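I opened this notebook to keep track of what I looked up in one protein structure, going from the whole chain to single side chains. The entries follow the order in which I asked.

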Amino acid sequence: MAYNEKILEARANKFRRELGLGTETSLDLEKLLLTLGVLTVYKPLESKFSGMALKNNKSLFMLINSAVSIGRQNFTIGHELYHLFIQNDFNFQMCNAGTFDKKDKEEYNADVFSSFLLMPRDALSKQIPEKELEWGEKVSLATIIKMEHYFGVSRAALLLRLGREKYIHYDDYKHYLMGVKKSAVEHGYPTKLYEKSDEEKVIGDYGTKVKALYDVDKISESHYHSLMLDIGLDIDDPKFNDHGEEN
């Protein structure tokens, strides 16, 4: 169903408060995923979709395409959290987060929710110098770059959010979408946020569940090793001895 933006903002803020996070700071997304018990796999994919969410009974799963920029990966996590925790009767969705496509109501809801979740109104105002909030002043490029790194989002996502809050006129800032990496370096920031990570990693208890199955003979040793290799962990790595200690 379609929600208006005030409802989505209220739900994003409530979600934060229920987790004891408040609305004045950025999020540590990896810790949040662990807290929520969402098994999350990062994997570089050739497909253009940015992520996927799956909810089966009490099991929560998220796949993040690490072949897109880290900023977009972070926005995708917020998007998938909407599907898993806010959307009614959710089971499965492949997503292209950050498009704000109104043709798909739940995908649009998820994008708006992610924007509010990652960049709450209170946190935005705290990051903008008071001088730049005065009548006739503009939010500077230096502040924009600082904020996108603080919130861990792309410049496009940040500018859209600032525009929605009337801190800027989005059309007046479109030229800042050109030369994003160059401008970040010129202001002393790394470019990692704007680049794909191509990382393969797992957040959650995948390994614990696999080990438990092996310990009660539900899977063979070779299957256990194979499943762990699927997440990039080699149980036979020579740096470990027979007791699992590092050599």
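Before reading any side chain I fixed my terms: I call a residue buried under 20% relative accessible area, exposed over 50%, and partly exposed in between. Glu30, with a relative accessible area of 35%, is therefore partly exposed. I also note that I am working from a predicted model.

**Entry: the whole chain**

I began with the secondary structure of the protein, which comes to 10 helices and five strands. The C-alpha trace spans about 70 × 45 × 35 Å along its principal axes. Of the 247 residues in the protein, 43% are buried. I then looked at contacts between residues at least 6 apart in sequence, and found that 60% of them join residues at least 24 apart. For the accessible surface I have about 13,900 Å², with 51% of that area belonging to carbon and sulfur atoms. Turning to charge, I recorded 33 positive and 39 negative charges, whose mean positions are 7 Å apart.

**Entry: helix α7**

How many of the 10 residues of helix α7 are buried? I find seven, so by the cut-off of under 20% relative accessible area this helix, residues 155-164, is mostly covered. The buried residues of α7 include Ala157, Leu158, Leu159 and Leu162, and I note that Arg155, Arg161 and Gly163 are buried as well. I next asked what covers them, and the buried residues of α7 pack against α1 (5-18), α3 (70-85), α4 (105-118), α5 (121-127), α6 (141-151) and α8 (180-186). After α7 comes Lys166, where I noted a positive phi, near 70°.

**Entry: a nonpolar patch**

On the surface I looked up a nonpolar patch of about 260 Å², made by Leu54, Phe92 and Met94. Leu54 is found in strand β2, residues 51-56, and with a relative accessible area of 34% Leu54 is partly exposed.

**Entry: salt bridges**

I took a salt bridge to be a side-chain nitrogen of Lys or Arg within 4 Å of a carboxyl oxygen of Asp or Glu, and by this rule the count comes to 17 salt bridges. Which parts does the pair of Glu30 and Lys201 tie together? Glu30 lies in helix α2 (residues 29-36) and Lys201 in strand β5 (residues 201-203), so the pair ties together parts that are 171 residues apart in sequence. In this salt bridge the side chains of Glu30 and Lys201 meet at 2.3 Å, N to O.

I then went to Glu137, whose side chain meets that of Lys131 in a salt bridge at 3.8 Å, N to O. Glu137 is partly exposed, with a relative accessible area of 39%.

The next pair I looked up was Glu195 and Lys181, which form a salt bridge with their closest N and O atoms 3.5 Å apart. Because Glu195 lies in the loop between α8 and β5 while Lys181 lies in helix α8, this pair ties together parts that are 14 residues apart in sequence. Both partners are open to the surface in part: Glu195 is partly exposed at 29% relative accessible area, and Lys181 counts as partly exposed at 39% relative accessibility.

Last, I looked for salt bridges that share partners, and I record that Glu9, Arg121, Arg161 and Glu165 are joined by them into one network. Arg161 had already come up in an earlier entry, as one of the buried residues of α7.

Conventions. Residues numbered from 1 in each chain as written. Predicted model: local features only at pLDDT ≥ 70, side-chain atom pairs only at ≥ 80, totals over all residues. Heavy atoms only, no water. Helix = DSSP H or I, 4+ residues; strand = E, 2+ residues; numbered from the N terminus. Buried < 20%, exposed > 50% of the residue type's maximum accessible area, 1.4 Å probe, protein only. Contact = heavy atoms within 4.5 Å. Areas by Shrake-Rupley, 256 points an atom, 1.4 Å probe, with all protein chains shown as cover. Lys, Arg positive; Asp, Glu negative; His and termini not counted. Charge placed at Lys NZ, Arg CZ, Asp CG, Glu CD. Patch = residues over 30% accessible without salt bridge, like charges linked within 9 Å, V, L, I, M, F, W, Y side chains within 5 Å.
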